[in-house]
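Here's a structure to look at together, with a few questions about how its features get their names. Have a look first, then read on.

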Amino acid sequence: MKQALLAGVVMACVGGVAMAQPNLPRPYQHHYMEFPTLNQTGFQPDSPKIAVYAVPEDAPAPAGKAWSAIDWVVKDAANTVVLSGRSEAFGLNAGSGKVVYQIDFSALKTPGSGYVVGVKTGDIYKVSAPFDIRADVYQSLKYDALAFFYHQRASVPIEAKYVGDRFARPVAHEKEIVTCWGPKDHRGNRWGGCPYTLDVSKGWYDAGDHGKYVVNGGIAVWTLMNGYEGAQARGDRSFDDGRVKIPEAGNGKNDLLDEVRFEMDFLLAMQVPDGQTLNLPLGDQRKSLDKLTFTRVDASGMAHHKMHDEHWTAIPMPPHLDKEKRGLSYPSTAATLNLAATAAQCARVFKGVDDAYADRCLSAAKKAYAAAKRVPDAYAIDVLPGGGGGYGDGQLSDELYWAAAELYATTGEAAYEKDVKASPQYLTATDFSWGKVDTLGTLTLATVDTPLRAAARKAIVARAAAMRAETAGQGYHIAFNKPYVWGSTADFMNRAMLFAHAADVSGEAVYRAEAVNLMDYVLGRNPLNFSYVSGYGERAMQHPHHRFWANDATLPPPPPGVIAGGPNQNPSDPDARARLEGCAPQTCYVDHIGSYSTNEVAVNWNAPLFWVAAWLDGTRK
Ligand code: 9MR
């Protein structure tokens, strides 16, 4: 059930017993864990439907006692029992340290609104958040999750006619004509600056901050383009011109591609002009950051790693009030390969839509790829003490494989094929994130029609089968048995994306079910009984670490469809640490504006949320 950001107290009533469920206060209060948890938005009629109930006591059960079975009901909005059953205890859920019960009510397929699941404890029922059953349960989420990227645009005003008065804001960082920081860095190393300026306007702000980072923008825009390729393949018209609320609607081009282009323009602008030589630190110099050794290299075609403020700004800080000086970080091989990969993909998706743009992308991609081969070990090093995220990466063979795979998929050229096949990551499929991108290459090879497609598809399905084996051991019935790190919700969504690819190519319904399980977790079936997506669910994220959506007297809350980073078992910000001492991994989260390590939002996280919502909606029966 999509709900407006509720305040106050919600009364839930099952079997005539009313229970107060106060809306999520700040800081988080743990008694919410005592209600059955489920996807608070709802379910497609033919989808599996699972709720999870955790016993309030800490596990294990008192010596000699077993946890007994529980009785549950599902009631409709008229308070009529439509399904009932009994569940044995699943046992201890390691991620939360509680004993849980799984309630499978998949048999209920009747569309409706305002259903609840109730669990009998003593004389009362504890009830879940209300939810819907309907075929179009993900329809608005796919558009809202995509709208995030319009909201995050730099250099243009965010206009009320597309987002409503509440979320509109003036233009910020309108003309970003900048050069590299320097000539010295904060440790005294002399880089020497860059003898040119670049106009790197446009693009999306990364997250709650106003930096623009090539490697994170890269995976995000790749995900959007991969979503476009999937939509095209299934004949999904959801993003045809005029379907999305953005200024480009009506320009005759697909609106999803319009959003993609807004970021691609920025990425292309980050490329070093021809004929430029720069001093760069080559090789792994992490142990001698105070005494970097520089080499003069032909940097033509490389990409600058980042573009951001000189100092971290205060929060809140609407972007148009940001007075910081902004500048370019030096080119890195990682950024260069991100540009090569995404520009090659851009050339593919814009072919036939805007051939001139496709050509521009292809030539940038080839140039970037050649530059990365020429300068394979220019690792990103921060030249400022703060002001932007690090996004450092000391392992680039995955980036090289991804870029080669994109160029091969777009051009079919033998040289790229040779590099793809020679890569140690050839056809690997693993968890992916901004710094680990080999699977993006394999997903593209599984998508595009080349002689490698069958083998890539096999690898994706094998990976899905391996991940699926994790579900049985998880109390929340999720294919996720790994640490909860910064941005864990995106780890969930990236896994869901891989399951979706596996479902597409294998036709196996079990993989769709696993994608649904992961989405259910993010939308409420979790130990915090919390939806990490703003505006979706009775208890949903409302206080992100975001400089504009500060949700205070003057600034708006997050718009609907924005996903928080989520539980982080090693939270590093003071607001989280103060509240989360000794937390179990799945509970290391606070809905607090200060908590950048659990409650920030980011382009690389909303992109897979968008992808999965679009897929679940676009493939519904
Ligand atoms: O998503 C990034 C995560 O993997 C890193 O551990 C973390 C610390 O370096 O940074 C995260 O990215 C943040 C970036 O550095 C700055 N903008 C906000 C990003 C999301 O929190």
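**The ligand and its surroundings**

By class, the shell around the ligand holds 5 nonpolar, 1 polar and 3 charged residues. Keep in mind that this is a predicted model.

Q: Which residues are around the ligand, and what makes them count as near?
A: They are Asp206, Ala207, Asp209, Gly389, Tyr391, Trp434, Trp486, Glu600 and Trp605. The cut-off is a heavy atom within 4 Å of the molecule, so each of these residues has at least one heavy atom that close.

Q: What makes Gly389 the polar one in that shell?
A: Gly counts as polar in this scheme, while Ala, Tyr and Trp count as nonpolar and Asp and Glu as charged. That fits the split of 5 nonpolar, 1 polar and 3 charged residues.

Q: Why is the pair between Tyr391 and the ligand called a polar contact?
A: A polar side-chain atom of Tyr391 lies 3.2 Å from an oxygen atom of the ligand. The limit for a pair of N or O atoms is 3.5 Å, so this pair qualifies.

Q: What about Trp434 and Trp486: how do you know that they make polar contacts too?
A: For Trp434, a polar side-chain atom is 2.9 Å from a ligand oxygen. For Trp486, an N or O atom of the side chain is 2.9 Å from an oxygen atom of the ligand. Both values are within 3.5 Å, so both pairs count. As for cover, the protein hides 76% of the 450 Å² of accessible area that the ligand has on its own.

**The pocket**

Q: Where does the ligand sit, and what does "sits in" ask for?
A: The ligand sits in the largest pocket. To earn that wording, more than half of its atoms must lie within 2 Å of the pocket's grid points, so that is true of this ligand.

Q: What lines the largest pocket, and how much space lies in it?
A: About 560 Å³ of space lies in this pocket. Its lining has 26 residues, with Asp206, Gly389, Tyr391, Trp486 and Glu600 nearest the centre. Helix H11 (488-506) and helix H15 (603-618) are the elements that give two or more residues to that lining. The largest share, 3 residues, comes from H11. By class, the lining has 14 nonpolar, 7 polar and 5 charged residues.

**The cavities**

Q: Why is a space called a cavity and not a pocket?
A: A pocket is open, whereas a cavity is a space where a 1.4 Å probe fits but cannot get out. Searching the whole structure turns up 10 cavities of 30 Å³ or more. The largest cavity has about 90 Å³ of space. It is lined by 14 residues, among them Trp191, Tyr330, Tyr379, Ala380 and Ile381, which lie nearest its centre. That lining has 9 nonpolar, 3 polar and 2 charged residues.

**Backbone details**

Q: What is omega at the cis bonds, and where are the prolines?
A: Between Gly182 and Pro183 the peptide bond is cis, with omega about 10 degrees. Pro183 is in the loop between strand S12 (177-178) and strand S13 (198-199). Ile315 and Pro316 are also joined by a cis peptide bond, with omega about 0 degrees. Pro316 is in the loop between strand S18 (306-309) and strand S19 (326-328).

Key
Residues numbered from 1 in each chain as written. Predicted model: local features only at pLDDT ≥ 70, side-chain atom pairs only at ≥ 80, totals over all residues. Heavy atoms only, no water. 1 Å grid on protein atoms, 1.4 Å probe; cavity = no way out; pocket = protein on both sides within 12 Å on 5 of 7 lines; lining within 4 Å. Points joined across faces, edges and corners; volume = space filled by probe spheres on them. Helix = DSSP H or I, 4+ residues; strand = E, 2+ residues; numbered from the N terminus. Polar contact = N/O pair within 3.5 Å; in protein donor to acceptor, adjacent residues only side chain to side chain. Areas by Shrake-Rupley, 256 points an atom, 1.4 Å probe, with all protein chains shown as cover.
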